[in-house]
Amino acid sequence: MTNAATTTADTPLISARGISKQFAAIEVLRDVDLDLGRGEIHALLGENGAGKSTFAKILAGVHRPSRGSLALNGTPVEVTSPIVAQKLGITLIHQEPISFPDLSVAENLVLGRTGGSPLGRVPWARITRDANQLMNLLGIRIDVTRPMRGLSIADQQMVEIARALASDSRLIIMDEPTAPLTPNEVETLFGIARRLRDEGRTIVFITHRLEEVRALCDRVTIFRDGSKIATEEIGKLSDADIIRLMIGRPLKEYMHKTRAAIGEVALKVEGLTLPGVFSDISFEVRKGEIVGLGGLVGAGRTDVARALFGVAPATSGTVTINGKAEVITEPSQAIALGLAFVPEDRAVAGIFRTLSVEENITAAVPGQIAPGGMIKRALERTLAQDSVRKLRIRLASLRQPIGELSGGNQQKAILARWLLTDPSVLILDEPTRGIDIGVKAEFYDMIGELAAAGRAILLISSELPELLALCDRVLVMSEGRLTANLSRAEATQESVMRAAVPQTRETIAA
Ligand SMILES: Nc1ncnc2c1ncn2[C@@H]1O[C@H](COP(=O)(O)OP(=O)(O)OP(=O)(O)O)[C@@H](O)[C@H]1O
Ligand SMILES: [Mg+2]
């Protein structure tokens, strides 16, 4: 790399000047100036659709800016493609993992790295050994010979991170990397990030969690509506300052759930078992009740939800819906019985990428928009428009492909889809993951309204404050078993965590 003669220790690693980006006629980034120093961890914050990922993609050569310039160590650079970025030492870990599902972990780790050996003479033994070494170094325990398909989202994310690290980059951009990780994995990742910073590398860290920014980052930059609002040392801003800068207004008071009248049992689960995955799960959710399901990532909560919805049915146990015993073996059957399920991996499971936003939002209510079989476009539009307004989904047009929306806005659209089905039992799996602070409040209101209207709600969440504030009762799972069923009064940060952490189960029994 040839550096400009003027480079000094103070020259930023990256200087962005006047960066703007238009998609069609819409300007989604406007005149962004930003300097990234060597050896700093720099947070990018902003509401869903504020432009964080777009800016990251411009740095990484995925998008070309419409205007503006970039300099690396004081020297102007054109990052015309991801390959150019890689050569310049810039790596982006995407918001949605883009690994190759059929290849092994080890193969994924070496992909994109320019090896010297000609095709056809791939040194697999060495690749496997190197991959194992890298994973050990990072403290990640994954069998590197396994195919990526079948790994949890968290493990896939760790492999993405390992791949970025293997490539010896000087700028590593992590776009919402912690969302699917357990607290331990987050700590591992933070340890890695700090080590990289201490080696003088630069990390850009995108997240919606302020506590992570405080724990890890040196400086923050806040985006709003495509503009850079501020760059500041983290110590100089309070949480209230950050939120005000992000959303441009004070945060609405939330988490004051109006108690709904609790009615009859809507969902009753007894002895539900899927060997090796979960066993003997029993609980009830009543009409008007919000029941939380807490626990660590990997405790089996999603598996229980998938079993209830017929995606991967349990092998024994009974499920009773509105007083009638049912054996649910397919999602279509679950939907017909009044169940709705907002899956955790919405980006993968829920989205029809080539269809428009309005088609995606109304996809689960064909009966409402096409009475008699003919789709009523006006009706479809009204329903979709209403959801867009309520959840403040940021888009250019209801007719644009959903894949063009920001990550958080895609999630909101899928949430909207299931809220429209007006189910009698609604199962939500980490519904607020990736959703900005400003919209969470609206979302909590909507959940409260649904409960007040007599819906039974099962809320899987790893966010303790969310569980404690919203739920009438909190169930906790650990290693495939139900370890606690806590009333609102009994549920505290401590009681939930104690039941969630595997080793302490005997202590509880004692
Ligand atoms: N390929 C595209 N075509 C059209 N519009 C796009 C495209 N990519 C992004 N946008 C728009 O640009 C805006 C900024 O999106 P971006 O993904 O940068 O937001 P973000 O800050 O990362 O949000 P989130 O927190 O939801 O991930 C959004 O309004 C989005 O719809
Ligand atoms: Mg994004």
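Buried residues account for 46% of the 510 residues in the protein, as computed from a predicted model. The secondary structure comprises 19 helices and 20 strands. Of the contacts between residues at least 6 apart in sequence, 69% link residues at least 24 apart.

The largest nonpolar core contains 141 residues. Within this core, the residues that touch the most other members are Ile 173, Ile 427, Ile 457 and Leu 459. Helix H15 supplies the largest share of the core, with 7 residues. In soluble globular proteins, nonpolar side chains tend to be buried together. The surroundings of Leu 459 were examined further. When neighbours within four places in sequence are set aside, Leu 459 contacts Ile 290, Val 291, Gly 292 and Leu 293, and its other contacts are Leu 428, Leu 470 and Cys 471.

Helix H15, which spans residues 407-420, also takes part in the surroundings of ligand 1. The shell around this ligand has 20 residues, of which Asn 48, Ser 53, Thr 54, Ser 406 and Gly 408 come nearest. Two elements, helix H1 (52-59) and helix H15, each give two or more residues to the shell. By residue class, the shell is made up of 11 polar, 5 nonpolar and 4 charged residues. Ligand 1 lies between domain 1 (14-247) and domain 3 (346-422), because both domains give residues to its shell.

Ala 500 is part of helix H18, which covers residues 493-500. This residue has 21 C-beta neighbours inside 10 Å and therefore counts as buried, the threshold being 20 or more. Beyond its neighbours within four places in sequence, Ala 500 is in contact with Gly 294, Gly 295, Leu 296 and Ala 299, as well as with Val 476 and Ser 478. Val 476 is 24 residues from Ala 500 along the chain, and the C-alpha atoms of the two residues are separated by 6.1 Å.

Helix H4 was considered for its geometry. H4 consists of 15 residues, 124-138, and extends 21 Å from its first C-alpha to its last. This span is close to the 21 Å expected at 1.5 Å a residue. The residue that follows H4 is Gly 139, which has a positive phi, near 70 degrees.

Technical notes. Residues numbered from 1 in each chain as written. Chains lettered and ligands numbered in written order. Predicted model: local features only at pLDDT ≥ 70, side-chain atom pairs only at ≥ 80, totals over all residues. Helix = DSSP H or I, 4+ residues; strand = E, 2+ residues; numbered from the N terminus. Expected span 1.5 Å × (residues − 1). Near = placed C-beta within 6 Å. Nonpolar A, V, L, I, M, F, W, Y, C, P; charged D, E, K, R; others polar. Domains from an automatic or database assignment. Buried ≥ 20, exposed ≤ 12 C-beta atoms within 10 Å, placed from the backbone. Contact = placed C-beta atoms within 7 Å. Core = buried A, V, L, I, M, F, W, Y, C linked by C-beta atoms within 7 Å.
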